[in-house]
Structure formats: structure tokens, C-alpha cells
Amino acid sequence: MIGTGFMGRVHLEALRRVEFVDVVAVAGRQVEAAKKLAEGFGIDTVVDDYRLVLQDTTIDAVHICTPNVAHYPMTRDALLAGKHVLCEKPLAISVDEAQELVTLASERNLRNCVCHNLRYYPMVQQMRRMREDGDLGQILVVQGTYSQDWLLYETDWNWRVDAAASGPLRAMADIGSHWFDMAEHVTGLHVRSLCADLQTYYPVRKRPKQNVETFAGKLSSADSDFEEISVSTEDFGAVLFRMGDKTRGAMTASQVSAGRKNCLSIEIYGTESSVSWNQERPDELWIGHRDTPNQIIVKDPALLKTGARAYADLPGGHSEGYDDTFKQVFRRFYRSIAEPQSSVEYPQMIDGLRQMNILQAEIESHRNRNWVDV
Ligand SMILES: NC(=O)c1ccc[n+]([C@@H]2O[C@H](COP(=O)([O-])OP(=O)(O)OC[C@H]3O[C@@H](n4cnc5c(N)ncnc54)[C@H](O)[C@@H]3O)[C@@H](O)[C@H]2O)c1
């Protein structure tokens, strides 16, 4: 495990739930934090330089849970060391970096995953299987948002605000990439062109002088000492897009929407029927009809489409949420390592590259105020 913050812990907990995986080493820049985390999980090896982990020939795979700018060098080094790699999203901070990683993983024949885990909510899989079975008909419109509020105030801070750690885009890369990955996964269509408008409401933010953990800024004391920092990354973005041949869509990503925590909502309108899902009520799926009453179905593996059932481990009435999506990804990733002939059923670096292409198009479109092909 490389990185010991929010995702480091979430990944460790999820790996505990995958029967045939042992986590043997933790690498963290803040070695005391890494030691504490490793101790809690009974992991003996803790290092402050991730390259030491890569030298260990008994290790098959690494998870990269560090800020975005570190994804490319760490993933490249891990692939060159012959490790299978599961990297957090976004895969890199540029198309060129992402392309190089895709090529390297393919040349070395190594399993590679980008953690677009949100695909694996059972009801998201239900939407996908409904589309595959033709229940939606031809898809006309895809729309939605990913809205949060944790960076609403000018005193809110995280490494994501800083382009040097997060890359040139923030809201669109951090949460917009999850939305587009889900939209493409569920519809089976690719975004072909887009028009983006980005906004940085706070070109200067007040950074607390003490360290602030991801999502923990709200708990900081009001009398913290601050320093003023210029910000180039966007707080909000709106994107019009075209998918496939005929499908049209619109989405927004925001980290300044008071009251919205992790509100990823997606609505898909087809010639036969519609579906609408919201991450904050993950076990429910709204199905819209033109000529018969609409439905809200609740997750119950016995009643899901066959393909979606494999993503629901608990009986109906027992909710399955965010944590469970990681377990679903990791289980499939490690099975594909243990059984080299098995098929790949998780997002790969090629999918991470797709998201980088979309992000690059958003940068160009916003800069030039025009439509850009992806
Ligand atoms: N899939 C998801 O749902 C999801 C959710 C949140 C974050 N993420 C992604 O996970 C990644 C990490 O985000 P986070 O929220 O956990 O951040 P975080 O700040 O909580 O943790 C980052 C960790 O990386 C460590 N680190 C930084 N540079 C390092 C280095 N050179 N060597 C070793 N450790 C280093 C930091 O010390 C810290 O422990 C980001 O890329 C983010 O986009 C994904």
C-alpha cells in the first residue's frame, strides 16, 4: 500500500475483505502516520520510500493511493519492477503520462486497474444491464452532476486545490472523471466531443498553516493561522457533450455546493424508458416510463438482473455502499492475477487514459471557448 491517507485506509479495509490477499507492506511519506496505520492492521513492514517496496520480489501487486501528481512516477516504477498495479484515479495528470503507462502495462503483460470503483454499486450495474438488455431503447440524453460542498469556503484547503499536487484540473479530475467513467460504462458509449466552462470562485485561498486531512477541513478550529495561496484549479465545471452517434448530454461537477456531500447523480433517457440514480441513496433506482407508472426499485439480489446480481453480496434491506464498491473491484483485480486466463472485469489504465483525454478536451474547450473532439 503506497499512501496512508483517506484512500490508504479505505483500500486496506477493503482488502481485508478479499479472502486471498495479504497486505505485507505500507509505504508513506509521513512515516509515523504509516506506522500507526500499519500497526492497526498488523502489517509489519513500513517504509518511507515506496521504491523499497518495489524491490521486494515477494510482492505481486501495489496500490497507489497518493496525490495525483505522484501516480505516474509511482505506477511507472512499479510496472518497471514487474508489479501488477492498482492506481487511484485520475491515472495521471496528462494524456502523455497516461498513454505511456497504458503502453508499459501492455508491453509487460501486467494487470492494471484504475480505481473507478463507483461503477460497482449494485444499482449502477443494474442500469448497465438494463441498457444491455435493451430495456432503455436507444439512449437519447445523459445528464447529471457530481456535487460536493467541502471546498465551499475560501478557508477550505486540501492538496487537491494546488495544481502542483493535483494536476491542472481539480473538480473535473477529482469527481468529474468518476461521473464520466460511470456515464460511459453504463451507456456503453464514448464521449466524442464536448464544450466545457470552468470556474474558479476563489483565485486566492487561505491555507491553514497546520496539515488538513482530506474531507477534514470542516473540523478545523476557526482561529487557525492561514497563509494566502493563489489557486488555478477550478471549483466548478459545466460540460455539454455528445456521445456515440446521436446521444446528447450535460453534466456539472462542483466542490462548492452547500449541502451536497457526494451527490453523484445520473439520469439516462432512452426511447423506451429512463433510469435515474443518486450515490447518496445507493440502494434505490428510479425507472421512468411514458405510458405506465414510474417505479422505484430497491436493491435485492434476488430481483436484480443476472449480471448485476454478482455485485450485490447482501440480501435486500441490508444496504451496500461506497466501501463495498472497493471490495468488488479488488476481488476482481486479484482474481485476474491469481487466474491469468480469467477475463478482466474492472476499469483498466486504458479507461484511465480515456478520462485523461476527456479532461484534456475540457481544458482546451474552456481555454478557447469552443467545442473540442475527444
Ligand atoms: N476512488 C475514490 O473514490 C477516491 C476517493 C478519494 C480519493 N481518491 C484518490 O486517491 C488519491 C489519494 O487521495 P486521498 O484523499 O487519499 O489523499 P490524502 O491526502 O488523504 O492521502 C494521500 C497520502 O499520500 C501520501 N503521500 C504523498 N506523497 C507521497 C510519497 N511520495 N510517497 C508516499 N506517500 C505519499 C500522503 O502522506 C498521504 O498519506 C487521489 O489520487 C484521489 O484522487 C479516490
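# Working through the β14 sheet and its helices

β14 and β15 make a hairpin, with six residues between the two strands. This is a predicted model, where local features need pLDDT of at least 70, side-chain atom pairs count only at pLDDT 80 or more, and totals for chains, interfaces and linings use all residues. Residues are numbered from 1 along each chain as its sequence is written.

A few ground rules before we start. Helices (H or I, at least four residues) and strands (E, at least two) are DSSP runs, numbered from the N terminus. Two strands pair if DSSP finds at least two bridges between them.

**Exercise 1. Work out how β14 is tied to β15 and to β13.**

Step 1: Take the β15 side. β14 and β15 run antiparallel and share four bridges. One bridge to look up is L285, whose partner in β15 is I297.

Step 2: Now the β13 side. Strand β13 (residues 274-278) pairs with strand β14 (residues 284-288), again in the antiparallel sense, over three bridges. A hairpin of five residues joins β13 to β14.

Step 3: Check the partners. S274 has G288 as its bridge partner in β14, and V275 stands opposite I287 in β14.

**Exercise 2. Place these strands in the sheet and find its edges.**

Step 1: Write down the order. The sheet is open, has nine strands and reads β15-β14-β13-β12-β6-β11-β10-β7-β16, with mixed pairing.

Step 2: Look at the ends. β15 (295-298) and β16 (372-373) are the edge strands, each pairing on one side only.

Step 3: Keep one rule in mind as you look at the side chains. In a regular strand they alternate between the two faces of the sheet.

**Exercise 3. Find which strands α6 and α11 lie across.**

Contacts come in here: two residues are in contact if their C-beta atoms, placed from the backbone, lie within 7 Å. Axes are lines fitted to C-alpha atoms, for helices over the stretch in contact, and angles run from 0 to 180 degrees between N-to-C directions.

Step 1: Helix α6 (residues 122-132) lies across β12 (263-270), β13 and β14, and runs at about 165° to β13.

Step 2: Helix α11 (residues 349-368) lies across β7 (191-199), β10 (236-243) and β16, and runs at about 55° to β7.

**Exercise 4. Describe how α1 meets α10.**

Step 1: Get the geometry. The axes of helix α1 (residues 6-15) and helix α10 (residues 322-338) come within 9 Å and cross at roughly 65°. The crossing is right-handed (the near helix is turned clockwise from the far one by less than a right angle; anticlockwise would be left-handed).

Step 2: List the residues. V10, H11, E13, A14 and L15 in α1 meet D323, F326, K327 and F330 in α10.

Step 3: Sort them by class. The contact has five nonpolar, one polar and three charged residues (Ala, Val, Leu, Ile, Met, Phe, Trp, Tyr, Cys and Pro count as nonpolar, Asp, Glu, Lys and Arg as charged, and the others, Gly among them, as polar).

**Exercise 5. Classify E132, N109 and R369 by burial, and check the backbone.**

A residue is buried if 20 or more other C-beta atoms lie within 10 Å of its own, exposed if 12 or fewer, and partly exposed in between, with C-beta atoms placed from the backbone.

Step 1: E132 sits in helix α6. E132 has 13 C-beta neighbours inside 10 Å, so it counts as partly exposed. Its C-alpha is 8.3 Å from that of T187, though E132 and T187 are 55 residues apart in sequence.

Step 2: N109 lies in the loop between α5 and β5 (112-114). N109 is exposed because it has 8 other C-beta atoms within 10 Å. Its phi is positive, about 55°, although N109 is not a glycine.

Step 3: R369 lies in the loop between α11 and β16. R369 is exposed, with 9 other C-beta atoms within 10 Å. Phi of R369 is near 55°.

Step 4: Look at K89 to P90 too. That peptide bond is cis, with omega near -15°, and P90 is in the loop between β4 (84-87) and α5 (95-107).

**Exercise 6. Sum up the whole protein.**

Step 1: Count the elements: 11 helices and 16 strands.

Step 2: Compare the radius of gyration with the rule. The value is 21 Å, close to the 21 Å that the globule rule gives for 374 residues, so the protein is as compact as a globular protein of that length (the radius is taken over C-alpha atoms, and the rule is 2.2 Å times the number of residues to the power 0.38).

Step 3: Add burial. Buried residues make up 45% of the 374 residues.
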